[in-house]
Amino acid sequence: MKILLIEDEKKVSGFIKRGLENERYIVETANDGLVGLEMGCHPTIDLIILDLMLPGIDGLTVLRKLREAEVHTPVLILTAKDSIDDRIHGLNLGADDYMVKPFSFGELLARVRALLRRSSQQNSMIATVKDLRVNLMTHEVFRDELPIELTAKEYALLEFFINNADRAVNRISIAEHVWQYDFDPGTNFVDVYINRLRKKINDSVENKLIHTVRGYGYILKTK
Amino acid sequence: MFRNFKTRISLWYTVLFSIILLVTLLLSYKIIGYQLKREIRSNLEAKTALVKRTLQGEYEEITEEHSEDETHKYAEKNIKEDNSEGISLLSSGHAGHRDKSIFNMIRLVTESADNNYAVFVFSGDNLTYITPKYSRLLGHISHLKSYSTPLQELDIEGVPFVVSKIKQPKFTIYLGYEMSALKSLEGRLRDIFLVIFPVSLLLSILCGMLVTQKTMDVIERIDSTAKSITSSNLSKRIAVPKGDDEISRLIGTLNSMIDRLESSFVQAKQFSQDAAHEIRTPLTIIRGEIEELIGKEGVDDRSILTLENVLEEVQYLSSISERLLMIHNMDTRNIKYHFEKINLSELMKEIYQDVQVLSMDKNISVELKVEEDITLDGSKELLSRLLWNLADNAVKYNKPGGSLWMQLSKQRNHINITISDTGIGIPEAEISKIFNRFYRVDKSRSRELGGSGLGLSICKWIAELHGGVIKVNSEEGIGSEFTIIL
């Protein structure tokens, strides 16, 4: 999978590139809008991560020109502006998702995976982790072929783990993904929800899916 | 009393005006009286001089005007008339022809001008002549002889006179001028002034009120416009009237003050927005680098703990920058939030679940009472933030083992949301300020609990954005109750 990262801030593109490469993606970077536009037209690119504030031409223009050139590669917008107008404008121009800085890498990765899965069609709409099967379209969850009822938040939590499979995620990233409102990191909020999820998916000690990373967060292990 | 500036100004105006009016009237009364009297006195002095000259044998000058015959005729005629009235004492023998003509001259001199002159002639102690018109004063003029000053004002039987004395070897002549006309003129003048004064005073009060009213109108217009200019409405200006007078200059000054205010407000807002934007990229980098570091193999547990703490602070900074931007959005009002139909009952239940988890540490019992299927057009993101902020506060400021109630009900057209707690409460003096930006009741404690002083002002804004209001009831030490009416 090849991802194009159009971002002028070298340090930002640096850690995103390294993080994505760790997840075995091929990452190409462009530092300004014009170069990004040119590279984005290449058919081998599977996903474009696009910053809005760019030298040369700005991100929204890059997006518009890509869509005008009939390039339908999924685009994930990154921006420091979070005015709703911009968000709606970006989505109207054909962006597929939108992320406001600062974001956690886990969140970025989750969205990247969701977008790539959506574009590579149905067969990957079902995620399997050991004997846990999750239909990412219908939100149905099965373990050992037994259906499991999850609340919206519990499902969101599980999906976040699946999209970050085999990667440790910290509590703050989890909380930000599942709850939109301000979160006090001092509470054991996330732990309580994870324990509930664990109970529901019968996460027993001998066949554990969600592992605790001491002092940091959690990890969903597929092996 | 007289708190009203307008009343005070009118009062001052009236008092000053009435003093001026009173002084003017009194002065003109006095001056007019004085002038008239002076004129009378100088006339009398002139007549006296004339009579003196006549007596010194200079009456030829006068007779130039009247022929001897005419004078005689005139005198005889008058004497006859006098005689017929039985008053003249000239016929008492010892007055010669020359004397007679002198008397006639005196009469001619005095009576030709106007008939207010009186002549009294004494020969020794005997009154030898009196102007017929004043014969009624006959018995009352003896005291004249006691006066020696050249001009003397006196009353004779109630008739005011100014009298001059001409001493001759044979006679003493008194020339008198009756001042009744002057006195009655003065009386009339006084009457007129007594009418003018209250009328003018009344008019001045009315004028004063009118003038101050007009001035106040201008000031009130400035005031009401200035009042309508608030921090979110600084683009408004007071209308400047035509011309270059004090008022338009004052308005100009106020407007330029608002200009400066607006520009500094805009700068402050721009700064907070820019700052919030600017710190986002570095925050993203810090966060990304830390997360990457934590994920690496071979990092020891202590470092992970430290990094985790740093990460929490980064997250706190991010939420502050987010709130600052939200505050900016509140002010500019140019953001259209995406409103959709929201099941408020379900939203309350979701929040309730989270609050339950949150309250476990402090062993707080949370009670939920919702009516089913209450819906509302709104922004789910903002409404959950509103409910969460209030519930979060209700947990944070609660006592261990306390209670928290969440209620949702619908009454006719209103949706009522109540979130109440058994917490520390809000001091009465602080209640009005808690919705202010950056306001924190207990500064030291609030930061510890993650408060930035923006939460409640955001809550208020969200409630208002949804056409509602937010109210608070609180008693220190007992608890607080926040009610949102939508």
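When I say contact this morning, I mean heavy atoms within 4.5 Å. With that settled, hello everyone, and one reminder before we start: what you see above is a predicted model.

Let's begin with the place where the two chains meet. Chain A brings 41 residues to the contact, and chain B brings 42. People often give the size of an interface as the accessible area lost when the parts come together. Here, the area buried between chain B and chain A is about 3,900 Å². Carbon and sulfur atoms give 54% of that buried area.

What about charge pairs? How many salt bridges are there between chain B and chain A? The count is five. One you can look up on the screen joins the side chains of Lys153(A) and Asp354(B), with 3.2 Å from N to O. As for polar contacts, nine residue pairs are counted between chain B and chain A, with both partners at pLDDT 80 or more.

Now, which parts of chain B do the touching? Four helices each supply at least two residues to the side that touches chain A: helix 7 (280-295), helix 8 (301-332), helix 9 (344-359) and helix 10 (380-396). Helix 8 of chain B gives the most, with twelve residues. By residue type, this side of chain B divides into 17 charged, 15 nonpolar and ten polar residues.

Staying at the contact, let me point you to Ser104(A). You'll find Ser104(A) in the loop between strand 5 (97-100) and helix 5 (105-119) of chain A. Is Ser104(A) buried or exposed? Its relative accessibility is 1%, and the cut-off for buried is under 20%, so Ser104(A) counts as buried. Its side chain reaches the backbone nitrogen of Glu107(A) at 3.1 Å. Setting aside neighbours within four places in sequence, Ser104(A) is in contact with Met99(A), Ser173(A) and Glu176(A), and also with Arg287(B) and Glu291(B) from chain B.

Let's step back to each chain as a whole, starting with chain A. Its secondary structure comes to eight helices and twelve strands. Chain A has 223 residues, and 55% of them count as buried. Chain A exposes about 9,700 Å², with 51% of that supplied by carbon and sulfur atoms. If you take the contacts in chain A between residues at least 6 apart in sequence, 58% join residues at least 24 apart.

Over to chain B, which has 13 helices and twelve strands. Buried residues make up 43% of its 486 residues. The exposed area of chain B is about 26,900 Å², and carbon and sulfur atoms supply 56% of it. Among contacts in chain B between residues at least 6 apart in sequence, 64% join residues at least 24 apart.

My last stop is helix 13 of chain B, residues 455-465. Its buried residues are Leu456(B), Ser457(B), Ile458(B), Cys459(B), Trp461(B), Ile462(B) and Ala463(B). Lys460(B) is in this helix too. Why does Lys460(B) count as partly exposed? Because its relative accessibility is 31%, and partly exposed runs between 20% and 50%. Beyond its neighbours within four places in sequence, Lys460(B) is in contact with Phe435(B) and Ile470(B). Lys460(B) and Lys471(B) are eleven residues apart in sequence, and their C-alpha atoms are 8.9 Å apart in space. After helix 13 of chain B comes Gly467(B), which has a positive phi, near 70°.

That's my tour, and thanks for listening!

Key: Residues are numbered from 1 along each chain as its sequence is written. Chains are lettered from A and ligands numbered from 1 in the order in which they are written. Side-chain values use heavy atoms; hydrogens and water are left out. Buried area is the accessible area (1.4 Å probe) that two parts lose on being put together, summed over both. A salt bridge is a side-chain nitrogen of Lys or Arg within 4 Å of a carboxyl oxygen of Asp or Glu. A polar contact is a pair of N or O atoms within 3.5 Å; within protein, one must be able to donate a hydrogen and the other to accept it, and residues adjacent in sequence count only if both atoms are side-chain atoms. Ala, Val, Leu, Ile, Met, Phe, Trp, Tyr, Cys and Pro count as nonpolar, Asp, Glu, Lys and Arg as charged, and the others, Gly among them, as polar. Buried means under 20% relative accessible area, exposed over 50%, partly exposed in between (1.4 Å probe, protein chains only). Accessible areas come from the Shrake-Rupley method with a 1.4 Å probe; for residues, only the protein chains shown count as cover.
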